[in-house]
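Q: I'd like a close look at one part of this protein, starting with any enclosed space inside it and what lines that space. After that, walk me outwards through whatever else deserves attention.

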Amino acid sequence: MSTVSQSTMAAPVTDNGVLYTKLDRIFRSPTETSVRVSYSMEIAAKDDFDVGEVERLIPQPVFCALPWISDENLRYADDFRRAPTLALTDKLCKAQYTVVNHVSCYNITEQQVDGLLSSGIQNLFVIRGDTVHEEQKFQHSAALVQYLRKQRKGHPKLTIGVGGYPYGHHQSPSKEEELRYLKEKIDHDVDFLLTQTLYDAESFFRYREQCRTAGISIPVIPGIYVPYSYRHLRAMLNLTRITLSPDMDAKFKAHATDDPEQFEAFVVDHFVGVLRELLEPNVTSSDPIRLVHFFSFNKFALLQKVLQKLNDFFQ
């Protein structure tokens with residue numbers, strides 16, 4: 001990514017409620033004979049990122065999400081607009097993309113949250129973060145969501161998303177306790193729930209039903225990660241602390257020694273199959289999936305191959 005000058009970053013990033021309007025249109029549109037599906041994607045803020053690669057995607061994403069790297073971003077707490085992630089946000093906004101910025105509870109203060117909001121950001125995906133210190137202000141993401149809503153009361157709509165765990169959160173004592181806490185968090189006026197990486201459709205449907213039973217009515221968006229190598233798959237499973245079923249694990253292990261082309265063909269076929277299982281019930285479902293989120297890791301050519309094989313769904 002090219003260096004963005006201080007003067008270029010002078011104007012605050014702003015959205016003026018565009019994402020809120022987009023999501024409202026997507027999720028509140030009447031169900032027709034066939035439900036067209038939109039997608040969003042997470043982008044890694046890397047130095048070699050080329051916005052042109054995003055511009056060449058067909059169709060185009062509803063929004064681009066940018067991860068929060070606490071230690072890096074908090075170094076710029078005196079002016080978040082100088083942070084690399086916010087520089088990329090500005091770059092994407094200038095290219096007419098809607099951006100959702102992640103923000104972590106990790107070591108962030110109320111003053112720093114206020115500073116982040118003053119940069120003009122209006123779309124946030126709130127996470128707790130893997131590390132929590134006893135002395136930090138926000139011990140849980142629910143507290144940060146509550147604070148954000150309080151600070152923006154009477155101001156333009158702040159669109160907020162939070163994460164969900166179809167395979168369970170590793171620190172939750174039980175699924176019931178996890179869903180109870182999630183419901184309390186969402187009751188602070190969360191707009192959408194985005195799942196952790198999915199590897200099968202059944203886990204999503206089961207999780208969404210559990211959410212609905214718990215009284216969670218906001219959109220639940222399936223998160224899809226298409227691994228570009230077996231090694232990266234194992235790293236992601238370790239990072240997200242997801243344990244695959246024995247059958248699913250064996251299915252991936254069977255391709256552990258594939259050459260890159262063979263592995264890519266396998267994962268494209270597998271996740272196209274998962275997505276078809278997710279989307280085909282839309283026609284008769286009272287709760288159709290209208291938006292899918294991809295964790296791209298900037299492998300845009302791989303994402304395009306998946307989208308092309310599913311062009312009967314995606315708009």
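A: Start with helix 12, which gives the most to the lining of the largest cavity, with 3 residues. Keep in mind as we go that this is a predicted model. Helix 12 spans residues 300-309, and strand 8 (291-295) also gives two or more residues to that lining. The whole lining is made up of Ile-224, Val-226, Tyr-228, Phe-294, Phe-295, Ser-296, Phe-297, Lys-299, Leu-302, Leu-303 and Val-306. Sort those by class and you get 9 nonpolar, 1 polar and 1 charged. The space they enclose has a volume of about 90 Å³, and the count of cavities of 30 Å³ or more comes to 2.

Now for an open space. The second largest pocket holds about 450 Å³ and is lined by 20 residues. Those nearest its centre are Phe-27, Arg-28, Asp-191, Ile-218 and Pro-219. Helix 1 gives the most to this lining, with 5 residues, and helix 8 (201-213) also gives two or more. By class, the pocket lining divides into 10 nonpolar, 3 polar and 7 charged residues.

While you're at helix 1 (residues 18-28), find Lys-22, which sits in it. Lys-22 counts as buried because its relative accessibility is 18%, and the cut-off for buried is under 20%. A polar atom of the Lys-22 side chain lies 2.9 Å from the backbone oxygen of Val-62. Leaving out residues up to four places away in sequence, Lys-22 touches Val-62 and Thr-98.

Next, follow the chain to helix 9, residues 230-240. Its buried residues are Tyr-230, His-232, Leu-233, Met-236, Leu-237 and Thr-240. Looking down the axis of helix 9, these fall within an arc of 155°, so they line one face of the helix. If you want the textbook background, an α-helix has 3.6 residues a turn, so residues three or four places apart point the same way. The face of helix 9 turned away from the buried side carries Arg-231, Asn-238 and Leu-239, which are exposed. As for what covers the buried residues of helix 9, that includes strand 6 (192-198), helix 10 (246-253) and helix 11 (260-279).

Right after helix 9 comes Arg-241, in the loop between helix 9 and helix 10. Check its backbone: Arg-241 is not a glycine, yet its phi is positive, about 60°. With 48% relative accessibility, Arg-241 counts as partly exposed.

Cross that loop and you reach helix 10, where Met-248, Asp-249 and Phe-252 are buried. They cover an arc of only 100° around the axis, which puts them on the same side of helix 10. Pro-246 and Asp-247 are exposed on the other side of helix 10. The buried residues of helix 10 pack against helix 9 and helix 11.

Elsewhere in the chain, have a look at Val-145 in helix 6 (residues 141-151). Val-145 has a relative accessible area of 0%, so it is buried. Setting aside neighbours within four places in sequence, Val-145 is in contact with Val-126, Ile-160, Val-162, Lys-185, His-188 and Val-190. Phe-125 is 20 residues from Val-145 along the chain, and their C-alpha atoms are 9.4 Å apart.

To finish, two loops have backbone details that are easy to miss. In the loop between helix 2 (51-55) and strand 2 (64-66) you'll find Pro-59. The peptide bond joining Ile-58 and Pro-59 is cis, with omega about -5°. The other loop, between helix 4 (84-94) and strand 3 (99-104), holds Gln-96. Gln-96 is another non-glycine residue with a positive phi, about 75°. Its relative accessibility is 69%, so Gln-96 counts as exposed.

Conventions:
Residues numbered from 1 in each chain as written. Predicted model: local features only at pLDDT ≥ 70, side-chain atom pairs only at ≥ 80, totals over all residues. Heavy atoms only, no water. Buried < 20%, exposed > 50% of the residue type's maximum accessible area, 1.4 Å probe, protein only. Helix = DSSP H or I, 4+ residues; strand = E, 2+ residues; numbered from the N terminus. Arc of directions from axis to C-beta. Contact = heavy atoms within 4.5 Å. 1 Å grid on protein atoms, 1.4 Å probe; cavity = no way out; pocket = protein on both sides within 12 Å on 5 of 7 lines; lining within 4 Å. Points joined across faces, edges and corners; volume = space filled by probe spheres on them. Nonpolar A, V, L, I, M, F, W, Y, C, P; charged D, E, K, R; others polar. Polar contact = N/O pair within 3.5 Å; in protein donor to acceptor, adjacent residues only side chain to side chain.
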